[in-house]
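Q: I should like to learn how a structural model is read, feature by feature. Could we work through the following example together?

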Amino acid sequence: MNINIIRNCLNIIFMLGAIVGLIFYFTHHKETGIYIILIAMMFKFAEAALRMFKV
């Protein structure tokens, strides 16, 4: 699998997670929204690591 496809998938997961986290933050329980955003950020860190190290 091409590294760019993996990076794009990780970015899509991050963006969807961030959007869901913001929705939870503003409409439901704020703490749950923060946890969802933090989990989404892990996917962004993984994508950034792939970009920086050019694995």
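**Reading a helix pair**

A: Let us begin with burial: among what covers the buried residues of helix H2 is helix H1. Please keep in mind throughout that this is a predicted model.

Q: Which residues of H2 are buried?

A: A residue counts as buried when its relative accessible area is under 20%. In H2, the residues that meet this criterion are Gly33, Ala40, Glu47 and Leu50.

Q: Which residues of H1 are buried, and what covers them?

A: The buried residues of H1 are Leu10, Asn11, Gly17, Ala18 and Gly21. Their cover includes H2.

Q: At what angle do H1 and H2 pack, and how far apart are their axes?

A: The general idea is to compare the directions of the two axes, and then the separation between them. H1, formed by residues 3–27, packs against H2, formed by residues 30–53, at an angle of about 165 degrees, and the axes lie 8 Å apart. An angle over 145 degrees counts as roughly antiparallel, and H1 and H2 are therefore roughly antiparallel to each other. The crossing in which H1 passes H2 is left-handed.

Q: How many nonpolar, polar and charged residues does the contact of H1 with H2 have?

A: Sorted by class, this contact has 18 nonpolar residues, five polar ones and five charged ones.

Q: What span should H1 have, and how far apart are its end C-alpha atoms?

A: The approach is to set the expected span of a helix beside the distance in the model. H1 has 25 residues, which at 1.5 Å a residue should span 36 Å; the C-alpha atoms at its ends are 36 Å apart, so the two values agree. For H2, with 24 residues, the distance from the first C-alpha to the last is 35 Å, close to the expected 34 Å.

Q: What follows H2?

A: Here one looks at the backbone after the helix. H2 is followed by Lys54, which has a positive phi, near 45 degrees.

Q: Is Glu47 buried or exposed?

A: Glu47, a residue of helix H2, has a relative accessibility of 1% and therefore counts as buried. To see its surroundings, one sets aside the neighbours within four places in sequence; Glu47 is then in contact with Arg7, Leu10 and Asn11.

Q: What does Asn11 touch?

A: Asn11 belongs to helix H1. With residues up to four places away in sequence not counted, Asn11 touches Lys44 and Glu47. Its relative accessibility is 18%, so Asn11 counts as buried.

Q: Where does Lys44 lie, and which residues does Lys44 touch?

A: Lys44 is part of helix H2. Its relative accessible area is 26%, and Lys44 is therefore partly exposed. Residues up to four places away in sequence again being left out, Lys44 touches Asn11, Phe14 and Arg51.

Q: How should a separation in sequence be read beside a distance in space?

A: The two are stated together for a pair of C-alpha atoms. Lys44 and Ile19 are 25 residues apart in sequence, with 14 Å between their C-alpha atoms. Ile13 and Met41 are 28 residues apart along the chain, and their C-alpha atoms are separated by 9.5 Å. For Ile34 and Leu50, 16 residues apart in sequence, the C-alpha atoms are 25 Å apart.

Q: In which helices are Ile13 and Ile34, and what are their relative accessible areas?

A: Ile13 is located in helix H1, and its relative accessible area of 39% makes Ile13 partly exposed. Ile34 is located in helix H2; with a relative accessible area of 41%, Ile34 is also partly exposed.

Terms used: Residues are numbered from 1 along each chain as its sequence is written. This is a predicted model: local features need pLDDT of at least 70, side-chain atom pairs count only at pLDDT 80 or more; totals for chains, interfaces and linings use all residues. Side-chain values use heavy atoms; hydrogens and water are left out. Axes are lines fitted to C-alpha atoms, for helices over the stretch in contact, and angles run from 0 to 180 degrees between N-to-C directions. Helices (H or I, at least four residues) and strands (E, at least two) are DSSP runs, numbered from the N terminus. Angles under 35 degrees count as roughly parallel, over 145 as roughly antiparallel, 65 to 115 as roughly perpendicular and the rest as oblique. A crossing is left-handed if the near helix is turned anticlockwise from the far one by less than a right angle, and right-handed if clockwise. Ala, Val, Leu, Ile, Met, Phe, Trp, Tyr, Cys and Pro count as nonpolar, Asp, Glu, Lys and Arg as charged, and the others, Gly among them, as polar. Buried means under 20% relative accessible area, exposed over 50%, partly exposed in between (1.4 Å probe, protein chains only). The expected span of a helix is 1.5 Å times one less than its number of residues. Contact means heavy atoms within 4.5 Å.
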